[in-house]
Each structure stands twice: as structure tokens, then as C-alpha cells.
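Q: Could you walk me through some of the helix packing here, and then a few loop residues and the core?

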There are 2 protein chains.
Amino acid sequence: MTVLKEGVTSPQGFLAGAVYAGIKTRPDEKPDLTLLYSEHPCNAAALFTASTLKAAPVLLSQKHLGDGTAQAVIANSGCANAYVGDQGRQDAEEMARLAASKLGLADSDVVVASTGVTGQAMPMEKVRIAMPAITLDRAGGDSFARAIMTTDTVPKQAAVAFKLGDQEHRVGGCAKGAGMIHPNLATMLAFVTTDAPVESAFLHKTLQEAAAASFNMISVDGDTSPSDTLLILANGAAGGAMIDERSEGAPLFGKAVETVCVELAKGLARDAEGATKLIEVEVVGARTEHDARAAARTVVASPLVKSAVYGNDPNWGRVIAAVARSGITVSEETLSLFWQGTCLFEQGHPVPFDKSAMSAATNQPEVRIQVDLGMGRAAAVAWGCDLTEEYVKINAEYTT
Amino acid sequence: MTVLKEGVTSPQGFLAGAVYAGIKTRPDEKPDLTLLYSEHPCNAAALFTASTLKAAPVLLSQKHLGDGTAQAVIANSGCANAYVGDQGRQDAEEMARLAASKLGLADSDVVVASTGVTGQAMPMEKVRIAMPAITLDRAGGDSFARAIMTTDTVPKQAAVAFKLGDQEHRVGGCAKGAGMIHPNLATMLAFVTTDAPVESAFLHKTLQEAAAASFNMISVDGDTSPSDTLLILANGAAGGAMIDERSEGAPLFGKAVETVCVELAKGLARDAEGATKLIEVEVVGARTEHDARAAARTVVASPLVKSAVYGNDPNWGRVIAAVARSGITVSEETLSLFWQGTCLFEQGHPVPFDKSAMSAATNQPEVRIQVDLGMGRAAAVAWGCDLTEEYVKINAEYTT
């Protein structure tokens, strides 16, 4: 498997483009309206927010994906089109219609994704005016990734290539989402594309498993805003035999999707609002994968752990407190903890350490905390970021 | 019921005192070791942390309260005596023994409560040296409340008097706890005293119900640190008939304990780390009390809502997003929202509002958000505070 430097238009047959429509009212004129288009019909699968009140674009996209196929995405930043009554439904429908009309597709072939402020109607006149200005090309993945950004500071993209026999396939993706504290965050949008031909049910299963190991393991998680969306499109443009659960290439395809999703998820954690450090928490020695994941996620989401990492303080007591309230069975006597590779707590006993050396070791762009529960063989990794004054500033000033 | 200005020594027969033992290493010499003593044996009930790894003082206190009685509390700040292996058990036992010996009690009559940093052994030599210097008196409740403070900026005390027939009874209390973001916080310690004679099972039930409406409804909640403790002592010193579930005075006693607990809980929320505002979230029109409580707690714990309140931004969309992910059934069409008394969302539709007027209305020491689910008759109130840069600063700098 080869890592590439591109995103959603890296696989064959995908085009994208974006314009500044003025949906974002800030005057920096960064693109805020964008299209992703496949030259061939795609099998499609998606995971959406678990919120009880879903935004209009999510409800519409769920409907359009009912047949397991799609061929385009229209996405925007600046307005989430959420909590605006029936107007939201009408506007989401018109956005799909505008994209379908431009691309010569049926409305139901278009997925709609919106992110930005809630409670404000979509400025449809701006969308109508801007739509013709969007031009699509093979290099448009970067524009697409930038046009979905809100408080993100960098676009998040990833792509890999892998071979099945002589046939090269690619998986590409991009994501946005810059909230920070689990479980209540900014919207997460993520789009994954592949030119491999993939059977529908297997595509869905692959996406779920990849999400469980990636987006569900960061403290920016997927079940919070009314708009969270993770979509995968498989257009088969690279040719080759259809991949399903029994195919020889199934594990490799699954690994490729997981690799792209993990890379995007880490990118989200690293670029979270105000973050200065990526935190990686690995829990090993758990009795079950469920236990390992629950413990890792609880630690990485702890505001006290996040604050400590920000302050270069190896406050391992806060890590143990988080593990101990994660709902899993823990034994103090078998538990050990490593902070940037140094053991600070060994099977129930604190290990003396040099404070200034550990503080210096924590003053790094990536901080790794490892917890060995000493109870089994299951393991999991979660990613998050430090909690900074800047996070509060961003979220206090981000206007309604 | 009359509100009094005192705390744990307001009810008859309770004495307290505190000294600076040097457990807190900061040089401000505020008291950090304290005793609460009842002149009469007490019926006692307590709720402790739900953490899987409980601190040594919690495990010992659970054991000592096994017979439902106690007569004294030894408490300290500066060291939580948690995660230090068997040494913690030995030190907690010695603290109980030192207190019992000074007060002429059995070890098992003493409850031990410690708060402060974890992973460091209790400096027992300092405790031994300081203990004789503690003097007990009726005015000592204030010293007790101050000696359990960590990053708290003010002591939290409350007391009420009520009459059953001709007999006046009092309930007093104090609390500490200055963490902020549910559900991972600083330790909460709370102590409630009464001179009413109260039957053991009813005392426990009363404490549970009062906690459900108070400490469990703030975003500093009781199930997080290894040391969280809520204790009630009833010494019967005011005389009168034993109060049990069937007594005429039972509801009034219950109300008195709840009033003290709610006052203390609001005090914790108001004084949370870095907080500048108290947030009160009332959910009405819920189908069940469980739904109302879940929704109110989710809103008040939301970092995005907290940040918005700090920024004087009436970002009601974040409130609805929190309600919608609280796990309860919600209908957008029946939901209405009031922010400082002004309706901003009415049965599915945003209500236009004057941004500068609403921002000014939010720039107050107390911010009240009301959500009407429009689905039933149950209601609940939760309390929290805004999220500020100062919170991050405090938690980044609080040393291991």
C-alpha cells in the first residue's frame, strides 16, 4: 500500500471544484460551495449523526442513499441549514436539484452536506448565482477539501494506492471538523472515494469498521452535531472484479479505507480548535476490544488530561482517574502507565520521575500515553488534542 | 423554613476546627487539616464516587459507615491519598486513629475525606504534628469549610432551620469542588449535619433524593474523582421524636436537606474553576423526570453552550443540539426555547431577535436557559457555569 499526497479526486473518475458563494459572511472569500462528481455511477454508503434532530441535508441525503447509489456531492460551509423548520427541507432539496441539473443527474443521485451556523436559513439566492461558476477537474480535490472548512486551519486529505493482482486501486478522502471536546462538537464531514468496484453491503460494512477504528476513536466524534456525515463512494473506474466480503482483496481494501480514515481522524484531532498538540492514547492489556476502546476514548476526552498535556504536566493521576470512570473493570494492582515512553505508574505503585525531564518530554507536538490494564490481550488507540485558552476564545466568539 | 448564614456547626452539638499542617505545599498557610465532631453519636449515611478505583479514605469510610453510625470527620486538602498502593490504606487508617484518639472515639466512628493531588503519599508526619493544635468549637464550621478547599475561591456553606411542632431543628452543610466540565472533575466533598433525630434508612433515602436534585444536577457531578464523598450526620441533639419515612415531619426534613444540598451545589457551579457566570437550565414539558434531567444536564455540561454564555452569545442552536443528543425523544415542531426569558425558538421556528440586546442580557452573573419540550409535564433544573480561558489556565498549571 502506497501513501499518496492527494484527496478525494485521487482515485480515477472523480472531479471536483469550488467557488466563493458568500454563504460565509466573513470577508476572506475562501470557497464555501463545492461539488464532487464521479464520471460513473457509484455504490455508496454513509454514516450520519446520531442526533435526534438531524439537519435537513442529512435527512435528504439519507433518502437519496436509500438505493445504495450516488454520483455527486454538493457541500457548503457557513450555514448548517439546521433548525429552520420546513424551509430547511425545501432548501436542501433545491441544492440537490441545482447540482443534479448542472451535472445531468437525477436529484436522488446527489448527496447534500452543509456545515456552519445553525438556526439560519440557507442564502439560496447566493447558491443559485454561484453554482454555474463551479468548474470541475481532476485536481479539484484540494478545493473541495478547503470549501468545507469552518474553523479548521488546514484542509485534511489522505489517499493510498494498493494493488489487487496487476490492477492498481486508490482510496482518497478529505474531512473537516474542528470542534474539540467530546461529545459536543462542531460538525464533522468526511468523504471517501475509491475507484475500486465494491459490492454494496461490503462497502457499508467496510465503512462501519473503518469508522470504529478512526472517527469514533477521536474526541471529535461522529454522533453529536445535527449534520455529521461520513460518506464513501465507489465508482469502479479502475476496473477489475467486484470486491465483496469473500473476495481475496477484501482485507486489503478494508485496510486501505481504514488507513485513509485514521489519517483523516488524526488530522481532525491535530487541527482541533485551539489545539497545539496531538494526544495519542493506547490502551493495551484489556479483556475485550470494547474495554480497550472505552478506556482510551475516556482518557483522550478528559478535559483534565487535555489541560495537563497543554501545561506540559505529566499528571498521570488524571489518566488513571479517567480509566477508572470509563465503566470498565480495572485493577490498580495490575495497571501500569507510560507517558512518552517513561513508566510513571507500575502495577499499583507510582514510579518516581524527574519532573523537569518529563515536562520537557511532554512539550512536543505529539504526546503518547500508554496504559497497560494487565488484564487481557485486547488493545485500542484513541486520538485527541490538548485543551487551550484558544479553544475557549474561538468558541466564545464564534457568532450565532 | 428559615435560611441561616452558617454551615456544618449550625445544628446543635456539632463542633469543628482546623489548622495549617503543611499538606498543601503552597505557602499561603490556609488551613488544610480539619475535624468535625458531634457531641452525640450520629446516624450517618453517605454517597461515594462511582469510580472503579476509589481512594483509600473512601474505602475506609465505607467500612466505618457499615453500621450506619459515625461521630466525627477528619478531612484534609492538598493530598487525595489516591493511587499510592497499600501505603494509602495505612495512612487513611492512621488518620482515623489519630482523630479517634484525640476525640475519645473508636476508629470506626471516624469518617476520613481527602482531596488534592493524586499519586503522592500523605505526609503523615505533618498530620501527626498538627493534630494536637486543632481546637474544636461551635463557630468552627467556617474553618472546616475553608480547610477542605483546593482551587475553590470561596467556602460553600448553607443552613436552614425548620420547626416540627414546637421543636426547632437545623440542617447545615458545606462543600468543596471546583472542577468544571462534566464528567471529569476535581473531587467533590460535601458534608451535611442535622440535630434532628433521624432513622437510619430514611436518612439514607433522604440523602439520595436530595443528591439527585442537587449535586447530580450540576456539571460538577459526584461520580468522577476517586475521592468524591457526600456525607450526612444526624445527632438528634435538638430532641423530639425520631423521624422516619412515615413521620409527619418527613417531607419537611427532606425539603430542608434538599434546600441545603441545592444551595451548596449551586455554590459549586458558581465557583467552578475560572467561571464568571452561573448557568441555570430548566427543561419543562418533558414526558418523564428522567428525560427532563437528562436534557437539562446535557445542556449545562455542553462546552459549546458554556463557551457561548461566556462570550455573551445567545447561541440557542447549540442548546438544541445538546438536547437532541441527550438520548431522549425530541420533536422539533413542539420544542420552544427561552434565553434569559426571551423566546428565541418557538415550536420549530427561529424567532428573530435583537442581537445586541440579547448579548447584553447574557452579560449577567446568572444566565437562565429554559427549554420547553412540549411533550409532557415533567421538569428539571440543572446548574453549571461558563467555560473560560481561566479554566484552562488553572488546569494546565495545577501541578502533579
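Q: What is the handedness of the crossing where α5(B) passes α6(B)?
A: The crossing of α5(B) over α6(B) is right-handed, meaning that the near helix is turned clockwise from the far one by less than a right angle, whereas an anticlockwise turn would be left-handed. This is a predicted model, in which local features need pLDDT of at least 70 and side-chain atom pairs count only at pLDDT 80 or more, while totals for chains, interfaces and linings use all residues. Residues are numbered from 1 along each chain as its sequence is written, and chains are lettered from A and ligands numbered from 1 in the order in which they are written.

Q: And at what angle do α5 and α6 of chain B cross?
A: The axes of α5 (residues 200–213) and α6 (residues 250–270) of chain B cross at roughly 45 degrees and come within 9 Å; axes are lines fitted to C-alpha atoms, for helices over the stretch in contact, with angles from 0 to 180 degrees between N-to-C directions. That makes α5(B) oblique to α6(B), since angles under 35 degrees count as roughly parallel, over 145 as roughly antiparallel, 65 to 115 as roughly perpendicular and the rest as oblique. The helices, like the strands, are DSSP runs numbered from the N terminus (H or I, at least four residues, for helices; E, at least two, for strands).

Q: Which residues of α5(B) and α6(B) meet?
A: Among them are B:F202, B:L207 and B:A210 in α5(B), and B:F253, B:V257 and B:C261 in α6(B), where contact means C-beta atoms, placed from the backbone, within 7 Å. By class, the contact of α5(B) with α6(B) has 10 nonpolar, 2 polar and 2 charged residues; Ala, Val, Leu, Ile, Met, Phe, Trp, Tyr, Cys and Pro count as nonpolar, Asp, Glu, Lys and Arg as charged, and the others, Gly among them, as polar.

Q: Switching to chain A, how do α8(A) and α9(A) pack?
A: The angle between α8(A) and α9(A) is about 160 degrees, with the axes 9 Å apart, and that makes α8(A) roughly antiparallel to α9(A). The contact is made by A:L304, A:V305 and A:A308 of α8(A) together with A:R318, A:V319 and A:A322 of α9(A), and the residues divide into 5 nonpolar, no polar and 1 charged.

Q: Is A:N312, in the loop between those two helices, buried or partly exposed?
A: A:N312 counts as partly exposed because 18 C-beta neighbours lie inside 10 Å; the cut-offs are 20 or more other C-beta atoms within 10 Å for buried, 12 or fewer for exposed, and partly exposed in between, with C-beta atoms placed from the backbone. A:N312 also has a positive phi, near 55 degrees, although it is not a glycine.

Q: What about A:Y83, where does that sit?
A: A:Y83 is in the loop between β4 (69–79) and α2 (86–103) of chain A, and its phi is positive too, about 60 degrees. A:Y83 counts as buried because it has 26 C-beta neighbours inside 10 Å.

Q: Last one: which residues touch the most other members of the largest nonpolar core?
A: They are A:A296, A:I320, B:A296 and B:I320, in a core of 262 residues, a nonpolar core being a set of buried Ala, Val, Leu, Ile, Met, Phe, Trp, Tyr and Cys residues joined through C-beta atoms within 7 Å. Leaving aside residues up to four places away in sequence, A:I320 touches A:L335, A:L337, A:F345, B:L53 and B:Y83.

Technical notes: Two residues are in contact if their C-beta atoms, placed from the backbone, lie within 7 Å.
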